[in-house]
Amino acid sequence: MRQIIDFFVRNKNFILFLTLFSFSLIMIFSNSSYHNSLVLNSTNSISAKVYNSSNSITSYFNLRNENNELLKENTILKEIIFNSKSNYDSLKYNVFDSKIIKNSYSFNNNYLTIDKGLNDSINDDMGVVSNKGVVGITDRVSKSYSRVISILNTKLNLNAKLKKSNHFGVLNWDGMNYTSIQLKDLPKQSPVSIGDTIVTGGNSFIFPEGILIGEVSSYKLDETQNYIEIEVDLFNDMTDLKNVYIIKNNHLEELKELNE
Amino acid sequence: MNKLTSNIFTAIFLIITQVIIFNNINLFGYLNPFVYIVFVIYYPIKSDRIFFIFISFLMGLVIDVFSDTLGLHAAASVTIAYLRPIFLKISFGQAYIHQVIKFKNIDLKDKLIYISLLSIVHHLVLFSLEIFNFSKTLFVIEKSFMSSIFTITACILFSYLFKTNER
């Protein structure tokens, strides 16, 4: 007994190190939402406040460019409104505007933080887009902030298709270059050529069909020789994002019930 | 100001600068210096090791919470905190064994070796856990060394900035 206690006392540093190290390994490799559910991500009150206040300063730096972008988008939207005759009583999608207060793209699994949360009727699994294309999907929501899985995250799979045909595949980032993303499992017979536009597919409940993602920069057959693998250049500059829109699918509950 | 409060202030200052400034540098798109390890580098040598290992873990965890990389920085900084005596022995030799070193008056060459060892080990642990893929070993090593260069430069500059209250 004495010897056991002696052993622990002699190696107390090593034991503490081992405990803490394995504790962090558990945190890294457990995908269950149990650990990092509430406090331990950037939407908690302290870190969100820090990012918010730093953002309130840095957001002035880019004001002119942001304004121009928004103005351009507004004109396009006005055009669409004037040309459409649909009524707005039963909208399938609601759109909320939001600002990014924390962005990252240097890791393998990147997350963004935005300044809208439960109080603004944001929930998890809602699509986030910018005026140029898809940004990500919300995954954790606190009272007034939410965390967004960026499309530059190796864990995120998105349904995407060619704009000119209905062949679809799975969009997933390989973690190497933040300007391009990979579209896999596209059937061999689909008519791909360099410069084609890739948009979101209709198979997703999160994004409406046809939101821009990027254009084909190169493609090849994969190892099975049955599917095409495409390198997609993103339209979005993921390093320079500020204003984003959150898309809420009002038919989500119904669609989920249908699929159960 | 007593030692504990000044340590706490340094820690808070490092965390804030790390998450607001240094996490957003993104040189060449993927290089960020991790300056917060200055805390581990310059933590008083004669202090209680148990407490030091634990506080380094907490430091990493806070950085993790801010940058949504749960566990990565915690694992890396607890590793260098635990291994620090070995690095001290390698870089300062006799002076460390006789307990006479002060960070204030060591020459730049020894300091450079010490900081480089610490930051390279930290980055290797961090990036291999982050990427966690044997087929990308070369990429991990490249990323660690490139970021280390950046971190070492920043740490040296930082240490001159705090020349007055260096312990």
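Here are a few friendly notes on strand pairing in chain A and on where chain A meets chain B.

1. Please keep in mind as you look around that this is a predicted model.

2. A good place to begin is strand β1 of chain A, residues 93-102. Its antiparallel partner β12(A), residues 243-249, is joined to β1(A) by 7 bridges. To find this pairing on screen, look for A:Val95, whose bridge partner in β12(A) is A:Ile247.

3. β1(A) also pairs with β2(A), residues 109-114, again in the antiparallel sense, here over 2 bridges. A:Lys102 has A:Thr113 in β2(A) as its bridge partner. The link from β1(A) to β2(A) is a hairpin of 6 residues.

4. Next, have a look at β8(A), residues 180-187, which runs antiparallel to β7(A), residues 168-172, with 3 bridges between them. Here A:Leu171 faces a leucine, A:Leu183 in β8(A).

5. β8(A) has another antiparallel neighbour in β11(A), residues 227-234, and 6 bridges hold this pairing. One of the pairs to pick out is A:Pro187 with A:Tyr227 of β11(A).

6. Finally, turn to the contact between the chains, where chain A and chain B contribute 28 residues each. On the chain A side, α2 (12-29) and α3 (45-58) each provide at least two residues. The top contributor on that side is α2(A), with 10 residues. By residue type, the chain A side has 13 nonpolar, 13 polar and 2 charged residues.

Definitions and conventions: Residues are numbered from 1 along each chain as its sequence is written. Chains are lettered from A and ligands numbered from 1 in the order in which they are written. This is a predicted model: local features need pLDDT of at least 70, side-chain atom pairs count only at pLDDT 80 or more; totals for chains, interfaces and linings use all residues. Two strands pair if DSSP finds at least two bridges between them. Helices (H or I, at least four residues) and strands (E, at least two) are DSSP runs, numbered from the N terminus. Two residues are in contact if their C-beta atoms, placed from the backbone, lie within 7 Å. Ala, Val, Leu, Ile, Met, Phe, Trp, Tyr, Cys and Pro count as nonpolar, Asp, Glu, Lys and Arg as charged, and the others, Gly among them, as polar.
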